[in-house]
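I'm opening a fresh notebook page for this one. My plan is to go through the structure place by place and write down what I find.

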Amino acid sequence: MTRVSDFRSDTVTRPTAEMYEAMARAELGDDVLGDDPTVNRLEALAADMLGKEAGLFVTSGTQGNQIGIALHCKRGDELICEFGAHTYNNESGAMVVIAGAQPRPVKGKAGVMDPAEVESLIRPTNIHNPRTALITVENTHNGAGGTIVPLENVRALGEVARRHKLKFHLDGARLWNAHVATGISLKDWCRDFDTVSVCLSKGLCSPAGSILVGSRADIERGRYLRKQLGGGMRQAGILAACGLVSLTKMVSRLAEDHRNARTLAQGLAKLPGVTVDLATVQTNIVFFALPNREKELPQLLARLSDKGVLALALGGRVRMVTHHDVSHEDVALALDAWKSVIG
Ligand SMILES: Cc1ncc(COP(=O)(O)O)c(C=O)c1O
């Protein structure tokens, strides 16, 4: 079988050997009844790492975000989010269906919203208006290219939320990457937020699962919402065992993905006809354009795939993501493949 270097997403990683071992050894119970010791350990560890009272193991990042949103928004409420946010664009309209909330998107710069603009969009109390209930942030910001929303911006948005008695939720699917890239502690990143959803199945290699953390009261209600959504899993310790490996062994390794993304981006920037904004390559995601060849992208990606390199076309650009299962050699292979495909 020819080697395939899969740069489509950091969700394509397979469990590590240590994860397979952890699954085989995992102590199990019935998590819906609250007695799976491995899930309980994972939830407690995540809450501790992120500086919150309690954690809830959920099936996916989407489920973590949507439970967070439903905790803070009643039907007809409004939430303010960034225009390119995953919760707004890529969760199948779930906030409208599950919480019954409507989004008020703000166009940010590289995923970063202007706190003054956010504040200006908070609705005055009036019989005609929806109630603004929540501000959400995504960090790192996937659609903007894995960019980091700076801590001072998070602090300023948190101030706005508190001043107006709004809730504050973080889609931290890749918060680990922001932590590793900046050296800022996870607790500092999470301090201002009421709830934070983090993913185990992206750069951290677990096969599935995310964790929502927050106050004990929010997480207890979240447990009820998870059950309503069909997210109550029984011997979920099988998956939580991988999650424990993710949290204890896989976080600092992300620095390698960041180095690989930078090498890839710098190599791509040297190819004729390729434009890459290197300033946005801050973690493990590289977006680039082939101006005037947008219509050809499907064919170019098919030819790239014939050479054993997979990438995604998104919004007229190409996205490549580095992760545990692509090495420095895969990056070199990918650059060679692009060179010959672009011709
Ligand atoms: C920023 C962000 N949030 C949430 C999600 C949703 O995660 P899941 O695919 O596990 O539902 C993703 C998935 O890629 C993401 O990139």
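**Entry 1: the two domains**

I began where the domains meet: 14 residues of domain 1 are in contact with 18 residues of domain 2. A reminder to myself that this is a predicted model. I looked up the bounds next, and domain 1 comes in two pieces, 5–10 and 253–342, while domain 2 runs over 17–249. Taken over C-alpha atoms, the centres of domain 1 and domain 2 are 28 Å apart.

**Entry 2: the cores**

Which residues touch the most other members of the largest nonpolar core? I got I135, L175, W176, I211 and L247, out of 54 residues in that core. There is also a second, separate core of 28 residues, and L304, A311, V326 and L335 are among its members. This fits something I learned in class: in soluble globular proteins, nonpolar side chains tend to be buried together.

I picked I211 for a closer look. Skipping its neighbours within four places in sequence, I211 is in contact with a list of residues that includes L42, A46, F57, V58, V196, V198, L200 and L247. G55 and S197 are on that contact list of I211 too.

**Entry 3: the largest pocket**

I then went looking for empty space. The largest pocket came out at about 440 Å³. I found 25 residues lining the largest pocket, and the closest to its centre are H86, N90, N142, G143 and R319. Helix 3 (61–72), helix 4 (86–89) and strand 12 (317–321) are the elements that give two or more residues to this lining. Helix 3 gives the most, with three residues.

What classes of residue make up the lining of the largest pocket? I noted five nonpolar, 13 polar and seven charged. I also checked the domains: the lining of the largest pocket draws at least three residues from each of domain 1 and domain 2.

**Entry 4: the second largest pocket**

The second largest pocket has a volume of about 210 Å³. Its lining includes E18, R25, E27, R41 and K249, along with A22, T38 and L244. Helix 1 (17–25), helix 2 (37–50) and helix 11 (237–249) each supply at least two of the lining residues. Helix 11 has the largest share, five residues. By class I wrote down five nonpolar, two polar and five charged for the lining of the second largest pocket.

**Entry 5: some buried spots**

T16 sits in the loop between strand 1 (5–6) and helix 1. Is T16 buried or exposed? T16 has a relative accessible area of 11%, so I put it down as buried, the cut-off being under 20%. Beyond its sequence neighbours within four places, T16 is in contact with C205, V245, M250 and H324.

C205 got its own line in my notes. I found C205 in the loop between strand 7 (195–199) and strand 8 (210–214). C205 counts as buried, at 0% relative accessibility. C205 also has a positive phi of about 75°, although it is not a glycine.

E82 is in strand 3 (residues 78–82). At 8% relative accessibility, E82 is buried. E82 and K107 are 25 residues apart along the chain, but I read 5.9 Å between their C-alpha atoms. K107 is also on the contact list of E82, which I made without neighbours up to four places away, together with Y88, V106, G108, G111, M113 and H141.

I285 belongs to strand 9 (residues 285–288). I285 is buried as well, with a relative accessibility of 1%. The C-alpha atoms of I285 and T147 are 8.3 Å apart, with their places 138 residues apart along the chain. Leaving out residues up to four places away in sequence, I285 touches N142, G145, G146, R174, A261, R319, M320 and V321. I met N142 and R319 earlier, as two of the residues closest to the centre of the largest pocket.

**Entry 6: backbone oddments**

Where is the cis peptide bond I jotted down? It runs from N139 to T140, with omega near 0°. T140 lies in the loop between strand 5 (132–138) and helix 7 (151–163).

S92 was my last stop. S92 has a phi near 55°, a positive value in a residue other than glycine. S92 lies in the loop between helix 4 and helix 5 (94–99). S92 is exposed, with a relative accessible area of 75%, whereas C205 is buried.

Terms used. Residues are numbered from 1 along each chain as its sequence is written. This is a predicted model: local features need pLDDT of at least 70, side-chain atom pairs count only at pLDDT 80 or more; totals for chains, interfaces and linings use all residues. Side-chain values use heavy atoms; hydrogens and water are left out. A nonpolar core is a set of buried Ala, Val, Leu, Ile, Met, Phe, Trp, Tyr and Cys residues joined through side-chain atoms within 4.5 Å. Buried means under 20% relative accessible area, exposed over 50%, partly exposed in between (1.4 Å probe, protein chains only). Contact means heavy atoms within 4.5 Å. On a 1 Å grid over the protein atoms alone, a cavity is a set of points where a 1.4 Å probe fits but cannot get out, and a pocket is an open set with protein on both sides within 12 Å along at least five of seven lines; lining residues have an atom within 4 Å of a point. Grid points are joined across faces, edges and corners, and a volume is the space filled by probe spheres set on the points. Helices (H or I, at least four residues) and strands (E, at least two) are DSSP runs, numbered from the N terminus. Ala, Val, Leu, Ile, Met, Phe, Trp, Tyr, Cys and Pro count as nonpolar, Asp, Glu, Lys and Arg as charged, and the others, Gly among them, as polar. Domain bounds come from an automatic or database domain assignment.
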